Structure formats: structure tokens, C-alpha cells
Amino acid sequence: MENDNDPFHDHEHHDPFHETINEAINEMQKLGGLRIWIMHVLDENGPTNGAEIMAAVQAHTSLGQNGPYKNAGPLPGSIYPMLKKMVSEDLINKNSKGQYNLTEYGRKLNSKLMGRFHVDHQENNIRKVWSIENILTEIENDLSYLEDIKTEKLNARKERIKNLAERINEINESLE
């Protein structure tokens, strides 16, 4: 029996936030957990060697006694082959000092998957950091979604859409 008051039973309702989260989770599953942790550590710390990556992954994943790497952290036999594979996949590169860093492709993928959760350590506070690039990417994604929605669903919000368009035009004009 279908519940008319339950929004999850509305098959025409598409929540863009949940769709984005589901897409990110699916892409993360394809990459695998260790790749995600390595990308997160490199995004957080910048150029880092393999031993430092192992320690940082352990610190992030130990979660007391219940985490996946609760005893010794990920082993060199897991980390170093994965680092080599990630270099071949163009997710990361290795510099002359033996440090790994995200490539442009790795940064874009990491931003797409984890951008909303980036932490600003330079100011010693945990807060969301939205780079201009991340914000513009989010706006582009949201606009693509709105373009796909049937016009009749947007008509009730016409004035709000007009106001947003005017604000974007003002920003654009201020750059000239």
C-alpha cells in the first residue's frame, strides 16, 4: 500500500542532493576505499611520501579499536602497489623527492567526490571550504538539473529564477 504523505513514494520527485550523494558513493565504490583515503590524505596534506600516507590513513581510519586498520595501519604491501597503480591511472604523480601529489585529474575527481567536506587546517578550525571552482561547478551541475526539469514544474518559481539570473548578471558585469 502506497503512502500519499511519504515523499519517498513520489516517483516523480528527484532530490538533486541525494542524487549527487548517490553518484558520489557509486564512484567511490568503483575507486575502492584505499584510493579514496590516499586521495583524501594528499588533498589534505599536499605532497606526501608513502610512509606519511600510511600513517595518515591509519590516523583517519583507526576509529579507536573498531576501524579497518586498528592495529598497524595499512601495510606497505597495500599502500605502495596502490600508489603505483594510482600513478598509472593519472590520479597522482610522484616527484623527485619521492612525494606523491594529486594530478589535475585527481584533484578534479577528489573535488567532485569530496569537495563539500574539505577541511581548512590553516585557520585551525574545521569548516567547509568552498573554492570558487567548486562553487562554479556546483552551480553548473544545478543548472543542468534545472534545464532537465519540465518547464511547468519551474513556472511557480519564475520570479526567484529571474532574481538569481539578475544576480549572476551583476557579478558578470562587475568583471568587465
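These notebook entries record what I looked up in a predicted model of one protein.

**Entry 1. Overall layout**

I began with the secondary structure and found eight helices and two strands. Read along the sequence, their order is α-α-α-α-β-β-α-α-α-α. I then looked up burial for the chain: of the 176 residues in the protein, 24% are buried. The exposed surface amounts to about 13100 Å², and carbon and sulfur atoms supply 52% of it. I also looked up the contacts with a separation of 6 or more, and residues 24 or more positions apart account for 46% of them.

**Entry 2. Helix H3**

I next checked the length of helix H3, which covers residues 50-61. Its 12 residues, at 1.5 Å a residue, should span 16 Å, and the end C-alpha atoms are 16 Å apart, so the expected and computed values agree.

Which residues of H3 are buried? I listed Gly50, Ile53, Met54, Ala56, Val57 and Thr61. The partners of these buried residues are helix H2 (33-45), helix H4 (76-88) and strand E2 (100-102), against which they pack. For the spacing within such a list, I noted that an α-helix has 3.6 residues a turn, so residues three or four places apart point the same way.

At the start of H3 I found a contact from a side chain to the backbone: a side-chain oxygen of Asn49 comes to within 3.0 Å of the backbone nitrogen of Ala51.

**Entry 3. His40**

I turned to His40, which is in helix H2. Is His40 buried or exposed? His40 counts as buried because its relative accessibility is 16%, and the cut-off for buried is under 20%. Leaving out residues up to four places away in sequence, I found that His40 touches His60, Asn110 and Met114.

**Entry 4. Salt bridges**

How many salt bridges does the structure hold? I found two. As background, side chains of opposite charge can pair when their charged atoms come close.

One salt bridge joins Arg35 and Glu89, with the closest N and O atoms 2.9 Å apart. This pair links distant parts of the chain: Arg35 lies in helix H2 and Glu89 in the loop between H4 and E1, 54 residues apart. I compared the burial of the two partners. Arg35 is buried, with a relative accessible area of 10%, whereas Glu89 is partly exposed at 29% relative accessibility.

The side chains of Glu104 and Arg107 form a salt bridge as well, at 3.2 Å from N to O. Where do these two residues stand relative to each other? Both are in helix H5 (residues 104-114), and because they are three residues apart, about one helical turn separates them. Arg107 is partly exposed at 39% relative accessibility, and Glu104 is partly exposed with a relative accessible area of 44%.

**Entry 5. Asp90 and Thr103**

I looked up backbone angles and noted Asp90, which has a positive phi of about 65° although it is not a glycine. For context, most residues other than glycine have a negative phi. Asp90 lies in the loop between H4 and strand E1 (92-94). With a relative accessible area of 43%, Asp90 is partly exposed.

What lies 2.5 Å from the backbone oxygen of Asp90? I found a polar atom of the side chain of Thr103 there. Thr103 is in the loop between E2 and H5, and at 8% relative accessibility Thr103 counts as buried. Not counting residues up to four places away in sequence, Thr103 touches Asp90, Leu91, Ile92 and Asn93.

**Entry 6. A nonpolar patch**

Last, I examined the surface. A nonpolar patch there is formed by Ile132, Ile135, Leu136, Ile139, Leu143, Leu146 and Ile168, and together these residues have about 600 Å² of accessible area. Which element gives the patch its largest share? Helix H6 (residues 132-148) does, with six residues. I took Leu136 as one example: its place is in helix H6. With a relative accessible area of 43%, Leu136 is partly exposed. Leu136 can therefore belong to the patch, as 43% passes the requirement of over 30% relative accessible area.

Methods
Residues numbered from 1 in each chain as written. Predicted model: local features only at pLDDT ≥ 70, side-chain atom pairs only at ≥ 80, totals over all residues. Heavy atoms only, no water. Helix = DSSP H or I, 4+ residues; strand = E, 2+ residues; numbered from the N terminus. Buried < 20%, exposed > 50% of the residue type's maximum accessible area, 1.4 Å probe, protein only. Contact = heavy atoms within 4.5 Å. Areas by Shrake-Rupley, 256 points an atom, 1.4 Å probe, with all protein chains shown as cover. Patch = residues over 30% accessible without salt bridge, like charges linked within 9 Å, V, L, I, M, F, W, Y side chains within 5 Å. Salt bridge = Lys/Arg side-chain N within 4 Å of Asp/Glu carboxyl O. Expected span 1.5 Å × (residues − 1). Polar contact = N/O pair within 3.5 Å; in protein donor to acceptor, adjacent residues only side chain to side chain.
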